[in-house]
Amino acid sequence: MTAIQILLAAVMTPTFIEIALLAYDDANAVDVFGPLQVFASANELLDAQPQNISKPRYRTRLVSLQNQLQITLATQTRVLCDTSLAELAQFSLDTLLIVGGTPATTLSQDQTLIKPLQDLLSKARRVASVCSGAFILAATGVLNGRRATTHWKRYAEFRTRFPQVQLDIDALFTHDGKYYCSAGVTAGIDLTLQLVQDDCGQPLALETARQMVAFYHRPGGQNQFSSPIKGLRELQHPALRKAQQYIHQHLDQALEVAQLADLVAMSVRNFSRQFSAATGLAPSRYIAQARLNQARWLLESSDLSIPRIAQQCGFQSSEILRRKFLQALNVAPADYRKRFSVYREDLDHAS
């Protein structure tokens with residue numbers, strides 16, 4: 001083989017970006033297969049275009065966090081992993097992804113897993129967690145002082161266990177240094193598309209999303225779109241519960257803190273202090289959140305017009321409702337309805 005032939009062969013042989021996904025029994029199946037499919041689809045598109053012959057491809061390995069190679073995902077799907085955590089050190093490693101699942105919080109307390117994982121993290125160019133996989137990553141200490149996120153249901157537990165982590169619960173995914181964290185389930189696909197964009201550019205990431213019929217591109221700062229009922233548990237204190245019920249029954253009316261305090265025979269100061277302690281929100285913030293949550297629920301479950309929803313939820317106009325949605329969720333009410341409404345017919349979005 002001539003020197004030119006050797007050079008051409010080297011140019012035409014793609015390099016590989018080595019991806020390792022750490023999974024375990026009862027891991028969330030979408031957390032595993034979503035990112036894997038993004039990388040596979042990106043490879044298909046690269047292979048289909050001759051001009052991309054020299055661009056890197058993704059080579060993925062599914063790694064068992066436990067001793068056995070066969071794991072059973074939360075869907076009861078049995079999967080044979082390529083290798084185990086104990087053997088991963090012998091392979092090249094560029095990117096490490098830790099998937100989420102119900103056992104993640106327990107696994108994050110197992111030092112026989114955390115210690116070898118700590119040794120691997122320094123060897124990886126970048127590290128990412130999906131959903132509750134952030135617990136395992138945070139347990140290594142690498143997220144201390146860094147911005148991170150996880151599924152909104154795990155927020156309180158995560159904040160208690162890892163107070164040094166700058167938890168951003170409103171983000172779909174975060175990026176701080178070489179560490180990425182994504183929120184629940186499908187946000188792992190958003191994060192993986194971002195990794196593809198970082199590696200190969202936006203056009204390939206966009207085409208990958210199109211091929212997967214995935215939404216591209218929800219920015220990392222977009223709200224998680226968690227349940228509209230999130231956080232509205234019934235309060236135990238009788239007086240506070242009375243005020244809470246009054247708020248939710250009268251969202252279409254002006255609700256003043258002094259009015260609520262009078263209702264339960266408390267001073268404004270005492271009511272505000274106790275209500276804030278019980279809910280984690282000042283009364284005015286709680287009311288604002290309740291209005292927004294009710295609007296979201298009506299957009300999802302009713303065919304009421306947006307102006308009517310604004311009126312029922314205590315917004316002075318549909319434009320104010322729109323501004324609040326954009327501020328809190330980075331999406332307009334009409335677009336939110338298109339994505340989440342149970343109604344399939346076109347709805348009247350007139351403002």
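The following questions and answers concern the sheet, salt bridges, nonpolar cores and aromatic pairs of a predicted model.

Residues are numbered from 1 along each chain as its sequence is written, and side-chain values use heavy atoms, with hydrogens and water left out. Because the model is predicted, local features need pLDDT of at least 70 and side-chain atom pairs count only at pLDDT 80 or more, whereas totals for chains, interfaces and linings use all residues.

Reader: In what order do the seven strands of the open sheet lie?
Author: Strands (E, at least two residues) and helices (H or I, at least four) are DSSP runs numbered from the N terminus, and two strands pair if DSSP finds at least two bridges between them. The pairing in this open sheet is mixed. The order of its seven strands is S5-S2-S1-S6-S7-S11-S10.

Reader: Why is one side of S5 and of S10 left without a neighbour in the sheet?
Author: Strands of a sheet pair through backbone hydrogen bonds, either parallel or antiparallel. Strand S5 (83-84) and strand S10 (173-176) each have a single partner strand, so one side of each lacks a neighbour because both stand at the edges.

Reader: Which residue of S11 is the bridge partner of Thr-174?
Author: Strand S10 and strand S11 (residues 179-182) run antiparallel and are joined by four bridges. Within S11, the bridge partner of Thr-174 is Cys-181.

Reader: At about what angle does helix H2 run to S2?
Author: Helix H2 (residues 29-48) lies across strands S1 (16-23), S2 (57-64), S6 (95-98) and S7 (126-130). Axes are lines fitted to C-alpha atoms, for helices over the stretch in contact, and angles run from 0 to 180 degrees between N-to-C directions. The angle of H2 to S2 is about 160°.

Reader: How many salt bridges are there?
Author: A salt bridge requires a side-chain nitrogen of Lys or Arg within 4 Å of a carboxyl oxygen of Asp or Glu. By this rule, the count is 10.

Reader: With which residue does Arg-61 form a salt bridge?
Author: The closest N and O atoms of this pair are 3.1 Å apart. The pair links strand S2 to strand S1, across 43 residues. Arg-61 has a relative accessible area of 18% and is therefore buried, where buried means under 20%, exposed over 50% and partly exposed in between (1.4 Å probe, protein chains only). Its partner, also buried, at 8%, is Glu-18.

Reader: Which residue forms a salt bridge with Arg-125, and is that partner buried or exposed?
Author: The closest N and O atoms are 2.7 Å apart in the pair of Arg-125 and Asp-94. Arg-125 lies in the loop between helix H4 (111-121) and S7, and Asp-94 in the loop between S5 and S6, so parts 31 residues apart in sequence are tied together. Arg-125 is partly exposed at 42% relative accessibility. The partner, at 16% and therefore buried, is Asp-94.

Reader: Which residue meets Asp-119 in a salt bridge?
Author: The N to O distance is 3.3 Å. The two residues are four apart in helix H4, so about one helical turn separates them. Asp-119 is partly exposed at 41% relative accessibility. Its partner, partly exposed at 44%, is Lys-115.

Reader: Which residues of the largest nonpolar core touch the most other members?
Author: A nonpolar core is a set of buried Ala, Val, Leu, Ile, Met, Phe, Trp, Tyr and Cys residues joined through side-chain atoms within 4.5 Å. The largest has 69 residues, and H2 gives the most to this core, with eight. The members touching the most others are Leu-22, Leu-96 and Ile-136.

Reader: How many aromatic pairs are there?
Author: Rings of Phe, Tyr and Trp (its six-membered ring) pair if their centres lie within 6.5 Å; planes under 30 degrees apart count as stacked, over 60 as edge-to-face and the rest as tilted. By this rule, the count is seven.

Reader: Which type of aromatic pair do Phe-135 and Phe-162 form?
Author: Phe-135 belongs to helix H5 (residues 133-139), and Phe-162 to the loop between helix H6 (155-161) and strand S9 (166-167). Both residues are buried. Their rings are 6.0 Å apart centre to centre, with 70° between the planes, and the pair is edge-to-face.

Key: Contact = heavy atoms within 4.5 Å.
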